[in-house]
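Reader: Before I take this to the bench, I would like to go through the model with you, beginning at the ligand and then turning to the backbone. Could you show it first?

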Amino acid sequence: MKKPTIFITRKIPTKLLEPYSDLFDFKMWKKEDEPVPREVLEDEVKQVDGLLCVLSDQVDQSLLNQSNQLKIVANMAVGFDNIDIDYAKKMGVVVTNTPDVLSESTADLGFALMMATARRLNEAAQYIKNGQWKNWAPFLLAGTDIHHKTLGIVGMGRIGEAIARRAKGFGMNVLYHNRNRKREAEVKLQASYVQMEELLSQSDFVISVVPFTKETNKLFNKEAFEKMKESAVFVNISRGAVVDENALYYALKSGEIKAAGLDVFEQEPIKSDHPLLELENVVCLPHIGSATVQTRTEMIELCLKNIATVLEEKAPLTPVN
Ligand code: DGY
């Protein structure tokens, strides 16, 4: 009998596929630095049973309509705003994501970005590389303290909680806002639930960990930045589209807020002439929230386990639809 075929939209280590080689035929897009072209994806999806894709692949109605025997889309990300999950459900296609395995690494990156932004690490590293370091001076590259400040976490999911745990180690006062109040987390993490307005106006650091949805589209807009302290540092490790980037640019340029650390952007990859890149008070990263070798490996392994369970007609481990 013919084995089910799985198409993998990025080059991944083939040794991760070995445990499944008796079960499936794998096809993979092999160019390291180039995403799979849409027409190739549209062509491949016609004859596959499973798709292992990444957050930049748009699995929309038109792609799903090309499929004939697709049973599972395993997204190598916790976020799944790149997939039309309702339409997939209508077509009987299971969609899975990769929660949990990436929470700690993503929280580490969120914290690192917050610290790099507050303590001006990029500027400082560049300063020394440029040969500008001639003297020690009392306020040379002086930044903002993190310890004992107030951190506002917007989105208290698994990653939000992991950030709160780290913040406690820094003696921070933790506020959070979430669709649903999470009383257990409040006790466990000594975090206080507040309305969004209060979070924005009271926090020294505001970090976005919300998924991108209709409700969070441009949640951080002109009004939101106006409510923040002038000394506030804004950090986004969720999705770029939760921020109105023009409003953020204006807020940073005009001194309405102090600085921003961004791992995600509305359009990715960000263009090198993007206005936010001109600003000294912004630290930008190329969407590396979960990018450790261990975590990315575990994400791929979870995708493969989900594919295997669905194709064996068992319940997926981490379904989203
Ligand atoms: C996710 O998994 O959604 C992250 O953004 C990937 O780093």
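The questions and answers below concern a predicted model, and they take up the ligand, a helix and some backbone features in turn.

Reader: Which residue offers a backbone N or O atom to an oxygen atom of the ligand?

Author: The ligand is surrounded by nine residues, among them Leu55, Val78, Arg239, Ser290 and Arg296. Arg239 places a polar side-chain atom 2.7 Å from a ligand oxygen, and a side-chain N or O atom of Ser290 is 2.9 Å from an oxygen atom of the ligand. The contact that uses a backbone atom instead, at 2.7 Å, belongs to Val78.

Reader: How much of the accessible area that the ligand has on its own does the protein cover?

Author: The shell around the ligand has 4 nonpolar, 3 polar and 2 charged residues, and it includes Ala77, Gly79, Leu102 and His287. Within this shell, Ser290 brings a side-chain N or O atom to 2.9 Å from a ligand oxygen. Of the 230 Å² that the ligand has on its own, the protein covers 94%.

Reader: How far does helix H11 reach from its first C-alpha to its last?

Author: Helix H11 runs through residues 293-311 and has 19 residues. Among its buried residues are Met299, Ile300, Leu302 and Val310, and what covers the buried residues of H11 includes strands S1, S2, S3, S4 and S5 as well as helix H4. At 1.5 Å a residue the expected span is 27 Å, and the helix comes close to this with a reach of 27 Å.

Reader: Which residue just after H11 takes a positive phi?

Author: The helix ends at residue 311, and Leu311 is itself buried. Just after H11, a positive phi of about 60° is taken by Glu313.

Reader: Is Asp100 buried, partly exposed or exposed?

Author: Asp100 has a positive phi of about 65° although it is not a glycine, and its place is in the loop between S5 and H4. Buried would require under 20% relative accessible area and exposed over 50%. Because its relative accessibility is 47%, Asp100 counts as partly exposed.

Reader: Which residues are joined by a cis peptide bond?

Author: The place to look is the loop between strand S11 (259-262) and strand S12 (282-284), where Pro269 is found. There the peptide bond has an omega of about -5°, and the residues it joins are Glu268 and Pro269.

Key. Residues numbered from 1 in each chain as written. Predicted model: local features only at pLDDT ≥ 70, side-chain atom pairs only at ≥ 80, totals over all residues. Heavy atoms only, no water. Near = heavy atom within 4 Å. Polar contact = N/O pair within 3.5 Å; in protein donor to acceptor, adjacent residues only side chain to side chain. Areas by Shrake-Rupley, 256 points an atom, 1.4 Å probe, with all protein chains shown as cover. Nonpolar A, V, L, I, M, F, W, Y, C, P; charged D, E, K, R; others polar. Helix = DSSP H or I, 4+ residues; strand = E, 2+ residues; numbered from the N terminus. Expected span 1.5 Å × (residues − 1). Buried < 20%, exposed > 50% of the residue type's maximum accessible area, 1.4 Å probe, protein only. Contact = heavy atoms within 4.5 Å.
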